Amino acid sequence: MNFWSKFSKGFTCLAPMEGVTDIAFRQVVAKAARPDIFFTEFTNVNSYSSEKGRPNALERLKYEPSEQPIVAQIWGKNPEMFAETVAAVRDLGFQAVDINMGCPDRHVVATGGGSGLIRTPELAVEILRAAQQVKGITVSVKTRLGYTRTDEWKPWLSTLLGEHPAALTIHLRTKKEMSKVDAHYDFVPEIVALKNELSPETKLIINGDIKSATEAQKFINQGADGIMIGRGVFQNPFCFEREPKEHSREELLDLMRYHLDLYEKYDLHPYDPLKHFYKIYINNFPGASDLRAELMQTKTIAEARAIIDKL
Ligand SMILES: Cc1cc2nc3c(=O)[nH]c(=O)nc-3n(C[C@H](O)[C@H](O)[C@H](O)COP(=O)(O)O)c2cc1C
């Protein structure tokens with residue numbers, strides 16, 4: 001069963017975001033307005049394949065059954081380790097796995113993984129084949145237009161589509177561009193045509209600067225299958241609503257309370273990284289910036305909860 005075949009055109013995905021889309025935040029997004037598909041943060045295949053790294057890898061791959069349909073994203077550069085990790089991910093109950101071939105982080109690229117694979121297409125193919133030979137799980141790829149130049153898109157995406165991944169997410173920028181320029185939407189029709197020629201069965205997911213689910217139709221009209229939203233969820237946690245509504249301060253505070261509860265429940269990280277999320281909830285109402293400043297001084301979840309409960 002191909003995981004991606006059950007979604008009709010116009011489906012929405014929450015982007016994989018390291019340090020953001022963990023088990024707690026995914027459930028917050030589900031409560032606000034659920035996307036059709038979740039992705040985990042990426043997990044390194046080297047971690048899973050080493051005895052020392054495995055507990056951490058398994059921690060990152062934790063999810064609740066209520067989060068299905070959810071895709072596990074993995075990265076690395078060693079095909080055997082990919083095969084081993086894909087089998088493990090399947091055994092954890094995931095029906096789909098996504099291979100990261102787009103991360104521009106210099107530590108990731110230095111290992112040859114992430115967008116480093118754009119420069120070693122033979123290895124990218126080897127990895128994809130190693131993952132695809134694992135039975136019982138559907139394999140997709142997430143990548144960028146190219147490494148340095150946008151005109152790399154055609155040979156690079158042709159290489160990937162030649163392997164018929166079940167889905168291909170394209171973040172419409174190069175590795176070099178990071179997220180510093182606008183996403184190159186003008187490439188969508190040509191990418192759709194290439195996909196239809198080389199691998200019509202592959203689902204094409206458009207990513208980059210999309211702010212809400214209501215934008216999906218524009219890309220579907222151009223022949224794409226789905227959209228993926230990343231940073232848009234920071235500006236509006238309700239961005240997956242098909243019919244956007246106004247949301248009250250109390251609804252935002254309720255989401256924040258829910259996030260605090262889940263962070264405690266899963267005993268996730270040290271407290272400070274959680275503060276990065278507060279701007280999502282403490283936003284767009286009178287007094288929000290003073291309140292955010294006050295929350296930035298807190299040292300525990302209990303202190304933060306006491307401040308918002310006083311409101
Ligand atoms: C904080 C952060 C962490 C990210 N981590 C990942 C990751 O683990 N895997 C991945 O494929 N992309 C990752 N990305 C890239 C996003 O998935 C997405 O491709 C990118 O943000 C562009 O989409 P957007 O404009 O909707 O945010 C990350 C982006 C951000 C901002």
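This tour goes through a predicted model stop by stop, naming what to select and what is found there.

**The aromatic residues at the start of the chain**

Begin by selecting Phe3, Trp4, Phe7, Phe11 and Phe39, which together form one aromatic cluster. Within that selection, turn to Trp4 and Phe11, whose rings make a tilted aromatic pair with 5.7 Å from centre to centre and 40 degrees between the planes. Both partners, Trp4 and Phe11, are buried. If the selection is widened to the whole structure, a search for aromatic pairs returns 11.

**Backbone geometry in three loops**

The next three stops concern the backbone, and a general expectation helps in reading them: most residues other than glycine have a negative phi, and most peptide bonds are trans.

Select Gln68 and Pro69 and display the peptide bond that leads from Gln68 to Pro69, which is cis, with omega near 0 degrees. Pro69 lies in the loop between helix H3 (54-60) and strand S3 (70-75).

Move on to Met178, which is not a glycine and nevertheless has a positive phi of about 45 degrees. To find Met178, look in the loop that runs between strand S6 (167-174) and helix H8 (188-198). Is Met178 buried, partly exposed or exposed? Its relative accessibility is 30%, and Met178 therefore counts as partly exposed.

The third of these stops is Asn284, a residue other than glycine with a positive phi near 65 degrees. Asn284 sits in the loop between helix H13 (278-281) and helix H14 (288-296), and because its relative accessible area is 73%, Asn284 is classed as exposed.

**Helices H6 and H7**

The tour now turns to helix packing, for which two quantities are used: two packed helices are described by the angle between their axes and the distance between the axes.

Select residues 121-132 for helix H6 and residues 153-161 for helix H7; the two helices pack at an angle of about 25 degrees, and their axes are 10 Å apart. With that angle, H6 is therefore roughly parallel to H7. The crossing in which H6 passes H7 is right-handed. To see the contact itself, show the side chains of Pro121, Ala124, Val125 and Leu128 in H6, which meet Trp156, Thr159 and Leu160 in H7. Sorted by character, the residues of this contact between H6 and H7 comprise 6 nonpolar, 1 polar and no charged.

**Helices H11 and H15**

For the second helix pair, select residues 249-265 as helix H11 and residues 301-310 as helix H15, whose axes come within 11 Å and cross at roughly 160 degrees. That crossing angle is why H11 is described as roughly antiparallel to H15. The crossing of H11 and H15 is left-handed. On the side of H11 the contact is made by Leu253, Met256, Arg257, Leu260, Asp261, Tyr263 and Glu264, and on the side of H15 by Ile301, Ala304, Arg305, Ile308 and Asp309. How many residues of the contact of H11 with H15 are nonpolar, polar and charged? The division is 7 nonpolar, no polar and 5 charged.

**A last stop at Glu215**

Finish by selecting Glu215, in the loop between strand S7 (203-207) and helix H9 (216-221). Leaving aside the neighbours within four places in sequence, Glu215 is in contact with Asp209 and Ile210. Then add Ile227 to the selection: Glu215 and Ile227 are 12 residues apart along the chain, and their C-alpha atoms are separated by 8.4 Å.

How values were computed: Residues numbered from 1 in each chain as written. Predicted model: local features only at pLDDT ≥ 70, side-chain atom pairs only at ≥ 80, totals over all residues. Heavy atoms only, no water. Axes fitted to C-alpha atoms, helices over the stretch in contact; angles between N-to-C directions. Helix = DSSP H or I, 4+ residues; strand = E, 2+ residues; numbered from the N terminus. Parallel < 35°, antiparallel > 145°, perpendicular 65-115°, else oblique. Left-handed = near helix turned anticlockwise from the far one by under 90°. Contact = heavy atoms within 4.5 Å. Nonpolar A, V, L, I, M, F, W, Y, C, P; charged D, E, K, R; others polar. Phe/Tyr/Trp six-rings, centres within 6.5 Å; stacked < 30°, edge-to-face > 60°. Buried < 20%, exposed > 50% of the residue type's maximum accessible area, 1.4 Å probe, protein only.
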